[in-house]
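Colleague: Can you walk me through this model? I would like to go through helices, cores and cysteines.

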Amino acid sequence: MDSVNNVAEKCAGLLLLGMIVTISVSVFARLLYTYTGIPFSAPWAEEIARYMMVGSVFIGGAVAAYHLRLIGVDVFISLVPERLARWLRLLSHVLTLALALLLVWKSIRLIELGLKQWSPAMEMPMAYVYSLMAAGCLLMCANTLTNAVKELLNVESPQRESAEMEEAMEIKNSVEGAL
């Protein structure tokens with residue numbers, strides 16, 4: 001799963017980069033028209049940027065699920081004994097898996113509808129956009145199932161602290177060192 005998620009992470013990054021480039025093209029076209037009067041526009045830019053954002057959100061969400069970085073309230077888990085905390089984490093994985101499966105089912109229905117629906121500016125089937133949702137949710141299912149199995153087998157997974165927490169700990173240590 002590590003190699004699959006590395007590829008997915010790179011895809012999400014490329015989608016974000018593509019979104020930045022297309023929005024930049026759109027802004028440049030508007031500036032060119034505003035300041036020179038040259039009739040140049042890129043009506044497709046906002047549309048494709050929106051679709052790239054959808055892809056980066058769903059694929060990035062799947063990668064976040066693999067790295068246990070989805071939003072959650074950890075304060076309750078830290079207050080209970082480890083045995084109960086383990087079962088709460090497993091319940092969390094099961095609920096996340098249920099949501100991801102529901103999204104896969106709904107995205108398949110959207111793909112069916114998208115075969116008959118075309119995007120306004122680019123005139124491409126909307127099924128392509130909806131397939132990004134399905135791919136991200138399928139990967140999220142696989143990643144969540146992997147984490148649930150690790151929790152069941154009691155395999156230690158590296159719990160990385162957030163960047164904010166690491167920065168706060170560095171500040172705390174430097175203040176304690178100064179005192």
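Modeller: What follows goes through the helices, the cores, the cysteines and a few single residues.

Colleague: What are the ground rules here?

Modeller: This is a predicted model, in which local features need pLDDT of at least 70, side-chain atom pairs count only at pLDDT 80 or more, and totals for chains, interfaces and linings use all residues. Residues are numbered from 1 along each chain as its sequence is written, and side-chain values use heavy atoms, with hydrogens and water left out.

Colleague: Start with H1. How many residues does it have, and how far does it reach?

Modeller: H1 has 35 residues and reaches 50 Å from its first C-alpha to its last, close to the expected 51 Å. The expected span is 1.5 Å times one less than the number of residues. Helices are DSSP runs of H or I with at least four residues, numbered from the N terminus.

Colleague: Which residues of H1 are buried?

Modeller: Asn5, Ala8, Ala12, Leu15, Gly18, Met19, Thr22, Ser26 and Ala29 are buried in H1. Buried means under 20% relative accessible area, exposed means over 50%, and partly exposed is in between, with a 1.4 Å probe and protein chains only.

Colleague: Any reason for that spacing?

Modeller: An α-helix has 3.6 residues a turn, so residues three or four places apart point the same way.

Colleague: What do the buried residues of H1 pack against?

Modeller: The buried residues of H1 pack against H2 and H5, where contact means heavy atoms within 4.5 Å. Just after H1, glycine 37 takes a positive phi of about 80°.

Colleague: And H4, does the span add up? What are the numbers?

Modeller: H4 has 33 residues, which should span 48 Å at 1.5 Å a residue, and its end C-alpha atoms are 46 Å apart, which agrees. Its buried residues include Leu90, His93, Leu97, Ala100 and Val104. The buried residues of H4 pack against helix H3 (75-79) and H5.

Colleague: How many residues are in the largest nonpolar core?

Modeller: The largest nonpolar core has 18 residues, and those with the most contacts inside it are Ala8, Ile59, Met140 and Cys141. Helix H1 (2-36), helix H2 (43-66), helix H4 (82-114) and helix H5 (127-152) each supply at least two residues of this core. The largest share, 6 residues, comes from H2. A nonpolar core here is a set of buried Ala, Val, Leu, Ile, Met, Phe, Trp, Tyr and Cys residues joined through side-chain atoms within 4.5 Å.

Colleague: Is there another core, and which residues are in it?

Modeller: Apart from the largest core lies another, of 5 residues, among them Met124, Met126, Val129 and Tyr130.

Colleague: Back to Cys141. What does it touch?

Modeller: Cysteine 141 touches Leu97, Ala100, Leu101 and Val104, leaving aside residues up to four places away in sequence.

Colleague: How many disulfides are there?

Modeller: The structure holds 0 disulfides, a disulfide being a pair of cysteine sulfur atoms within 2.5 Å. For cysteine 11, the nearest cysteine sulfur is that of cysteine 137, 16 Å away.

Colleague: Why is cysteine 137 not bonded to cysteine 141?

Modeller: The sulfur of cysteine 137 is 7.0 Å from the one in cysteine 141, its closest cysteine sulfur, and that is too far for a bond. Cysteine 137 is buried, at 2% relative accessible area, whereas cysteine 11 is partly exposed at 34%.

Colleague: New topic, backbone. What is phi at leucine 68?

Modeller: Phi of leucine 68 is near 55°, a positive value in a residue other than glycine. Leucine 68 lies in the loop between H2 and H3 and counts as partly exposed at 29% relative accessibility. Glutamate 123 also has a positive phi of about 55° and is not a glycine. Glutamate 123 lies in the loop between H4 and H5 and is exposed, with a relative accessible area of 60%.

Colleague: Last one, rings. What sits over the ring of tryptophan 87?

Modeller: The charged end of arginine 86 sits over that ring, 5.5 Å from its centre. The rule asks for NZ of Lys or CZ of Arg within 6 Å of the ring centre and within 35 degrees of the ring normal.
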